[in-house]
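Here are my notes on the model you sent round, set out point by point so that each can be checked against the coordinates. I have kept to what can be read from the structure itself.

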Amino acid sequence: MSKKFKIAVFEGDGIGPEIMAPTIRILNHLASKANEYQLDFKSTPAGAAHYLKTGEALPKKSLDIARSSDAILLSAMGLPDVRYSDGTEMSPQIDLRKELVLFAGVRPVRISAKEYSPLKIPKDREVDFVLIRESTEGLFFSQGNGEVMQDEARETLRITRDISEKLFRFAFNLAKDRKKLGRGSGEVVCVDKANMFRAFAFFRGIFEQEAEKYPDIKASSAYADVMALWMVQKPWEFDVLVTENMFGDILSELGAGLMGGLGIAPSADIGLDHAVFQPCHGTAPDIAGKNLANPFAMILSAAMMLEWLGIKHENKFMSLDAIKLREAVEKVLQDKNNVTRDLGGAASTSKAANAVLKQL
Ligand code: ATP
């Protein structure tokens, strides 16, 4: 009997349900074709619409389902007009990262179809690097608890040795795996602001200590502002970048822009025991319910889920399906008739997703 994997599904708000439905269809298709693993999807309520109905953005029951699942698929949650009483937008996906200690935010920046990138990429250059954003602390540590006084406001940045060590180990191991697959030069760059802040000097110190344990991987450091420049000027030079939460938040959006937009930028938030796979984009309320959303970032995130499950459970069929799925999207991207408006096409969400199914 093939192993059954329980997948918690957060359909979320805005365009969330529209991009999740075809993604599940595609995953079911792959699983039934391979017949070597099964996926048992469990719909899990949370988000802004759920908050309006129940007063809870991330109910305990949903968190329990997520905790007991093999992996979590999430589209996007939150809506600009649905806010907590202090004016902040709810972000159950960030609560989930903290609750499940998903410290490694994995944001691949892979430019397979150069025509969608705003960069002029030389023919002989390949852009294929991974940005790892710490996702549980940093400047997001005080989220929702910042101090606001009469004429002053403060937020606290937190960097811990424990999480930083785990984060850097994750980055070095990823660089090792990529090197084995011939996809990277075997180099990790720590992105920080160690010249200005003691907390980042501490962060860099831990990076350098961890680097000594990986003699086969090159380690270097760069300042976050300079990295923003280099990501535009010479993105083909990077393999694995690792950084604090807020810098990662900003740089991953830049990475998505380099690829051609949020519609094709996948991501994963990974811890020691759990992982959430979700597109980099938000709920895009401006196009929700119109069958206009690009489903590729969600589908590529599902491919990352198969890859992660395949490695974790030593299931080579899942690993193969992960590659198949990523390559199917990359192939579909080559035909403008199959891409959505954000990429200059005219295809609907359903048409774009069906093209991936057909390609598979
Ligand atoms: P969040 O704060 O939740 O990350 P955001 O405010 O940054 O969200 P998004 O919801 O990601 O914003 O949307 C930013 C812009 O990108 C919007 O104009 C939206 O329509 C567009 N966009 C986002 N995702 C997609 C998608 N999958 N397909 C097409 N357009 C998208």
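The points below go from the whole chain to its domains and then to single residues.

1. Please keep in mind throughout that this is a predicted model. The chain's secondary structure comes to 11 helices and 12 strands. With a radius of gyration of 20 Å, close to the 21 Å that the globule rule gives for 360 residues, the chain is as compact as a globular protein of that length. Taken along the principal axes, the box filled by its C-alpha atoms is roughly 50 × 50 × 45 Å.

2. On burial and surface, 52% of the 360 residues count as buried, while the area that the chain exposes is about 16,500 Å², with carbon and sulfur atoms supplying 51% of it. If one takes the contacts between residues at least 6 apart in sequence, 74% of them join residues at least 24 apart. As for charge, the chain carries 46 positive and 48 negative charges, and the mean positions of these two sets are 5 Å apart.

3. How is the chain divided into domains? Domain 1 is made up of two stretches, 1-100 and 282-360, and domain 2 covers 102-272. The C-alpha centres of domain 1 and domain 2 are 23 Å apart, and across the boundary 22 residues of domain 1 are in contact with 27 residues of domain 2.

4. Two residues in one loop deserve a look at their backbone angles. As background, most residues other than glycine have a negative phi. Ala284, however, has a positive phi, near 40°, and Asn291 likewise has a positive phi, of about 60°, although it is not a glycine. Ala284 is placed in the loop between strand E12 (275-277) and helix H9 (296-312), and Asn291 also lies in the loop between E12 and H9. Both side by side: Ala284 is partly exposed at a relative accessible area of 22%, and Asn291 is partly exposed at 31%.

5. Is Pro118, in the loop between strand E4 (104-110) and strand E5 (128-134), buried or exposed? Its relative accessible area is 64%, and since exposed means over 50%, Pro118 counts as exposed. Once its neighbours within four places in sequence are left aside, Pro118 is in contact with Gly257 and Leu258. Thr44, which is 74 residues away from Pro118 along the chain, has its C-alpha atom 37 Å from that of Pro118.

6. Gly186 also has its place in a loop, between helix H5 (161-180) and strand E8 (187-192), but at 1% relative accessibility Gly186 counts as buried. Apart from neighbours within four places in sequence, the contacts of Gly186 are Ala175, Lys179, Asp216, Ile217, Lys218 and Asp239. Val356 is 170 residues from Gly186 along the chain, and the C-alpha atoms of these two residues are separated by 32 Å.

7. Ala322 is found in helix H10 (residues 316-333), and with 4% relative accessibility Ala322 counts as buried. Which residues does Ala322 contact, leaving aside its neighbours within four places in sequence? They are Ala303, Leu306 and Glu307. Leu300, at 22 residues from Ala322 along the chain, has its C-alpha atom 8.7 Å from that of Ala322.

8. Ile65 has its place in helix H3 (residues 60-67). Because buried means under 20% relative accessible area, Ile65, with 14%, is classed as buried. Not counting residues up to four places away in sequence, Ile65 touches Ala8, Lys42 and Thr44. Between Ile65 and Thr44, which are 21 residues apart along the chain, the C-alpha separation is 7.3 Å; Thr44 is thus a residue to view twice, here as a contact of Ile65 and in point 5 at 37 Å from Pro118.

Methods
Residues are numbered from 1 along each chain as its sequence is written. This is a predicted model: local features need pLDDT of at least 70, side-chain atom pairs count only at pLDDT 80 or more; totals for chains, interfaces and linings use all residues. Side-chain values use heavy atoms; hydrogens and water are left out. Helices (H or I, at least four residues) and strands (E, at least two) are DSSP runs, numbered from the N terminus. The radius of gyration is taken over C-alpha atoms; the globule rule is 2.2 Å times the number of residues to the power 0.38. Buried means under 20% relative accessible area, exposed over 50%, partly exposed in between (1.4 Å probe, protein chains only). Contact means heavy atoms within 4.5 Å. Accessible areas come from the Shrake-Rupley method with a 1.4 Å probe; for residues, only the protein chains shown count as cover. Lys and Arg count as positive and Asp and Glu as negative; His and the chain ends are not counted. The place of a charge is taken as NZ of Lys, CZ of Arg, CG of Asp or CD of Glu. Domain bounds come from an automatic or database domain assignment.
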